[in-house]
Amino acid sequence: MKSVEERFLKYVSFDTQSDENSLSTPSTEKQFRLAEYIVDELRTLGIKAVLTDKCYVYASIPATRGYENVPALGFIAHLDTSDAESGANIKPQIIKSWDGNAIALGKSGLELTPHKHLAGHTIITTDGTTLLGADDKSGIAAIMTAAERVVSSTLPHGKICIGFTPDEEIGRGADFFDIGLFEADFAYTADGGAPELIEKENFNAAAATVMFKGMSAHPGSAKNAMLNAQRVAMEFYSMLPADEIPEKTSDRQGFYHLTHSSGTVSAFEQHYIIRDHDAELFENRKRVMCECAEKLNAKYSSGTVELKIREQYRNMAEVIDKYPFLVEKAKQAISDAGLVPIENPIRGGTDGARLSFMGLPCPNLGYGAYNAHSVMEYADVEGMNKVCDIIINLISSFATDQHPKKKRKHVK
């Protein structure tokens with residue numbers, strides 16, 4: 001059998017960054033390369049698998065005879081990585097039996113000190129110049145390794161469904177997910193943090209694009225003639241609450257985050273993400289941005305500021321709270337793996353958030369890696385193995401303590 005470490009190192013060799021500026025699905029063709037490799041691997045294990053023209057991988061392991069009425073259980077991870085840093089030519093560093101001291105990241109001049117409780121574990125880091133890709137290739141590695149353990153054993157189980165999606169990092173992972181083809185009654189994503197995590201709630205999320213129209217003029221004769229779109233953009237930013245930004249918030253506190261901007265005197269553009277766990281506060285944040293645009297249009301002229309807000313996903317707690325056993329079973333599976341379960345709100349989102357509202361209740365498990373979207377990203381091999389154990393424990397739990405199959409509502 002392949003180890004979770006072996007699989008992980010192979011998967012991170014594929015550059016799978018998504019591209020939010022692309023209008024295609026997948027947003028980058030290179031995501032197909034990893035998807036194709038995984039489909040070949042699944043078929044080699046004797047697991048039926050398909051790859052769609054939108055780069056979704058669906059696979060399934062039939063129920064053990066006598067367990068056909070057990071709810072079909074799904075496990076999902078995403079193929080793409082963030083574009084926060086380079087995702088190409090990754091050079092992993094493997095530190096066996098980490099001694100607890102700072103780890104030099106290649107020749108980058110950067111040092112990393114993982115969580116102290118991981119001393120003695122095998123730690124995989126970057127060389128300080130790229131992402132590692134553990135988000136979410138550690139989740140893929142854990143699911144694939146657990147799948148091999150199932151088909152290589154006599155473990156009784158209901159139908160097991162496996163899904164890998166493109167473009168999760170740009171909020172499109174569920175866009176073309178076919179719940180009917182996937183066929184799970186309930187599912188878990190493996191997409192975040194320490195292996196002891198179980199997460200049932202996430203941000204309500206929206207993306208905002210703000211376009212500023214200025215008037216260019218020669219700076220020597222610009223008085224009463226020039227309107228600098230860049231300055232109007234800075235004024236817009238200054239109108240937002242100064243302390244409600246990612247670097248000054250935590251837990252369930254929401255924020256406005258300016259992700260990138262570009263332009264000239266005559267035209268400038270800002271891109272924001274808006275986040276809040278509370279639905280009412282989330283709606284208020286959108287109103288605040290609209291009011292800022294209205295005030296600037298009143299100050300300068302109509303059309304100076306154009307605001308477009310696009311909702312991305314909602315807090316899945318609204319759905320998961322109707323199926324409390326999903327969280328309780330995950331907590332027990334984590335305990336049975338020798339860990340103390342931690343239930344945290346996600347300061348972000350997963351495919352599971354959107355899938356829950358599409359009719360597939362889908363809380364999130366950890367994946368045994370840390371510092372996502374950063375050159376300081378690292379994976380804990382023992383942690384990934386624990387995620388494998390947790391997946392196996394969940395499969396056993398559903399098989400022995402059966403819950404009724406759910407009538408699926410298919411929403412696309």
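Two strands count as paired if DSSP finds at least two bridges between them. With that in hand, here are some close-ups of this predicted model.

**View 1. Val-210 and its partner across the strands.** Let's start with one spot: Val-210 sits opposite Gln-270, a residue of strand 13. Zoom out a little and you'll find strand 11 (residues 204–213) joined to strand 13 (residues 267–276) by 10 bridges, with the two strands running antiparallel.

**View 2. The open sheet of four strands.** Here 4 strands line up in the order 12-13-11-14 to make an open sheet, and their pairing is antiparallel. At the edges are strand 12 (255–263) and strand 14 (305–313), each of which pairs on one side only. On average, neighbouring strands in this sheet are turned by 15° against each other, ignoring direction.

**View 3. Two helices against the sheet.** Helix 5 (residues 229–239) lies across strands 11, 12, 13 and 14, and runs at about 15° to strand 13. Helix 6 (residues 279–299) packs on the sheet too, touching strand 11, strand 12, strand 13 and strand 14. The direction of helix 6 makes about 165° with that of strand 14.

**View 4. Where helix 8 meets helix 10.** Helix 8 (residues 324–336) packs with helix 10 (residues 381–400) at an angle of about 125°, and their axes are 8 Å apart. Angles that are neither under 35 degrees, over 145, nor 65 to 115 count as oblique, so helix 8 is oblique to helix 10. Their crossing is right-handed. From helix 8, the residues in contact include Phe-325, Leu-326 and Lys-329; from helix 10, they include Ile-390, Asn-393 and Phe-398. Sorted by class, this contact has 8 nonpolar, 2 polar and 2 charged residues.

Terms used: Residues numbered from 1 in each chain as written. Predicted model: local features only at pLDDT ≥ 70, side-chain atom pairs only at ≥ 80, totals over all residues. Heavy atoms only, no water. Axes fitted to C-alpha atoms, helices over the stretch in contact; angles between N-to-C directions. Contact = heavy atoms within 4.5 Å. Left-handed = near helix turned anticlockwise from the far one by under 90°. Nonpolar A, V, L, I, M, F, W, Y, C, P; charged D, E, K, R; others polar.
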